[in-house]
Amino acid sequence: MKIKLKIAVGLLIAQWSAQAQSITLNPSDTKNILTVQTTNQAIKLPVLNESQRNLLPAPVIGMQVYCSNCLAGVGAYAYNGSAWAPMFVPPTSDLPSYTVGQLAQGGRIFFVDETGRHGLAAATLDQAASIKWADGNFHITSATRMGVYGGLANTNDIVRIEENGSYAAKVAQSTTDGGFGDWHLPSLEELRLMYNQKNVIGGFTNANYWSSTEISGTPATEPSTTAFAKDFTSGAEAPLSKASNARVRAIRKF
């Protein structure tokens, strides 16, 4: 590891020294192990879209990326141990306000939080008329979040485990409405909010719609075989076999 690090740093020093720049690695410095001095260059973070960033395997505290389409804004993000947080957050007063029913953020707004500046938008059309929740075998995906804003993490967990294929979460995640790349399958509570505003959103069919919320196996170490679906005719919701077919309507948070 030390040899590789020395070689890498040596190459950096050689490259920068040739352009009258400097880079110093100093393990004895109690404040800055790495010091970069330059007057006409910059350090470039890896540029990822939100889906790519969220699929990074086992991120650790301090990792940094530049997100090209993140819902919290385009810019630099750092991993804080539990989530990717924007490194530079604009004042709330600089953000536009929204109302339920407004056509914005790539779809139709169906939920707005107390600030009026953040919430959820639904695609205006279904992404699938009849599709399974899982692609083939049953797995433990850990996609058990039920609440508002839980659908994005659920979807990322599902796609990470199920990988490529044709299934509800993958279809939702592949949506590009409005030029956004962070669409996902709604959690159960998000699906409830959609049902309550189904006439405002429009385009729904009287049928079952998938949520991204799976039901843990029994015992929990066993693969999950069911996930929550909601009937958009009566509003009833119940566990449905992941091998069953239901409709998909993608959402995104902003």
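A residue counts as buried here when its relative accessible area is under 20%. By that yardstick, helix 3 is mostly covered in this predicted model, with 9 of its 12 residues buried. The residues in question are Gly 151, Leu 152, Asn 154, Thr 155, Asn 156, Asp 157, Ile 158, Val 159 and Glu 162. What do these buried residues of helix 3 pack against? Their neighbours are helix 2 (50–54), helix 4 (168–173), helix 5 (188–196), strand 11 (208–215) and strand 15 (251–253). The length of the helix checks out too: at 1.5 Å a residue, the 12 residues of helix 3 (residues 151–162) should span 16 Å, and the end C-alpha atoms are indeed 16 Å apart. Right after helix 3 comes Glu 163, with a positive phi near 60°.

Stepping back for a moment, the protein holds 6 helices and 15 strands. Buried residues make up 38% of its 254 residues. Of the contacts with a separation of 6 or more, 55% are between residues 24 or more positions apart.

Helix 3 also turns up around a cavity. The structure has 1 cavity of 30 Å³ or more, and the volume of the largest cavity is about 40 Å³. Helix 2 and helix 3 each supply at least two residues of its lining. The full lining is made up of Glu 50, Ser 51, Asn 54, Leu 152, Thr 155, Asn 156, Gln 173, Gly 181, Asp 182, Trp 183 and His 184. Sorted by character, the lining residues come out as 2 nonpolar, 7 polar and 2 charged. Among them, Leu 152, Thr 155 and Asn 156 are also on the list of buried residues of helix 3.

Strand 11, one of the elements packed against helix 3, includes Thr 213. Is Thr 213 buried or exposed? Its relative accessible area is 1%, so Thr 213 is buried. Leaving aside residues up to four places away in sequence, Thr 213 touches Ala 143, Thr 144, Arg 145, Met 146, Asn 154, Ser 187, Leu 188, Ala 227 and Phe 228. One of these contacts, Asn 154, is itself a buried residue of helix 3.

Ala 236 gives a contrasting picture. Ala 236 sits in the loop between strand 12 (226–231) and strand 13 (237–241). With a relative accessible area of 44%, Ala 236 is partly exposed. Not counting residues up to four places away in sequence, the residues that Ala 236 touches are Ala 229, Lys 230 and Asp 231. Between Ala 236 and Asn 208 there are 9.1 Å in space, C-alpha to C-alpha, and the two are 28 residues apart in sequence.

Now for the sheets. Strands of a sheet pair through backbone hydrogen bonds, either parallel or antiparallel. One open sheet of 4 strands, in the order 3-4-5-6, has mixed pairing. Its edge strands are strand 3 (47–48) and strand 6, each of which pairs on one side only. The parallel part is the match of strand 3 with strand 4, over 2 bridges, where Leu 48 has Cys 67 of strand 4 as its bridge partner. Strand 4 (residues 64–67) then pairs with strand 5 in the antiparallel sense over 4 bridges, and Tyr 66 stands opposite Ala 76 in strand 5. Strand 5 (residues 75–79) is mostly covered, with 5 of its 5 residues buried. On to strand 6 (residues 84–86): strand 5 pairs with it in the antiparallel sense over 3 bridges, and the bridge partner of Tyr 77 is Pro 86. Strand 5 and strand 6 form a hairpin with 4 residues between them, and Gly 81 in the turn has a positive phi of about 110°.

Another open sheet of 4 strands runs in the order 7-8-9-15, and its pairing is antiparallel. Strand 7 (103–104) and strand 15 stand at its edges with a single partner strand each, so one side of each has no neighbour in the sheet. The partner of strand 15 is strand 9 (residues 119–122), joined to it antiparallel by 3 bridges. Within that pairing, Ala 122 has Ile 251 of strand 15 as its bridge partner. Strand 15 also brings the picture back to its start, as one of the elements that the buried residues of helix 3 pack against.

Definitions and conventions
Residues numbered from 1 in each chain as written. Predicted model: local features only at pLDDT ≥ 70, side-chain atom pairs only at ≥ 80, totals over all residues. Heavy atoms only, no water. Expected span 1.5 Å × (residues − 1). Buried < 20%, exposed > 50% of the residue type's maximum accessible area, 1.4 Å probe, protein only. Contact = heavy atoms within 4.5 Å. 1 Å grid on protein atoms, 1.4 Å probe; cavity = no way out; pocket = protein on both sides within 12 Å on 5 of 7 lines; lining within 4 Å. Points joined across faces, edges and corners; volume = space filled by probe spheres on them. Nonpolar A, V, L, I, M, F, W, Y, C, P; charged D, E, K, R; others polar. Pairing = 2+ DSSP bridges.
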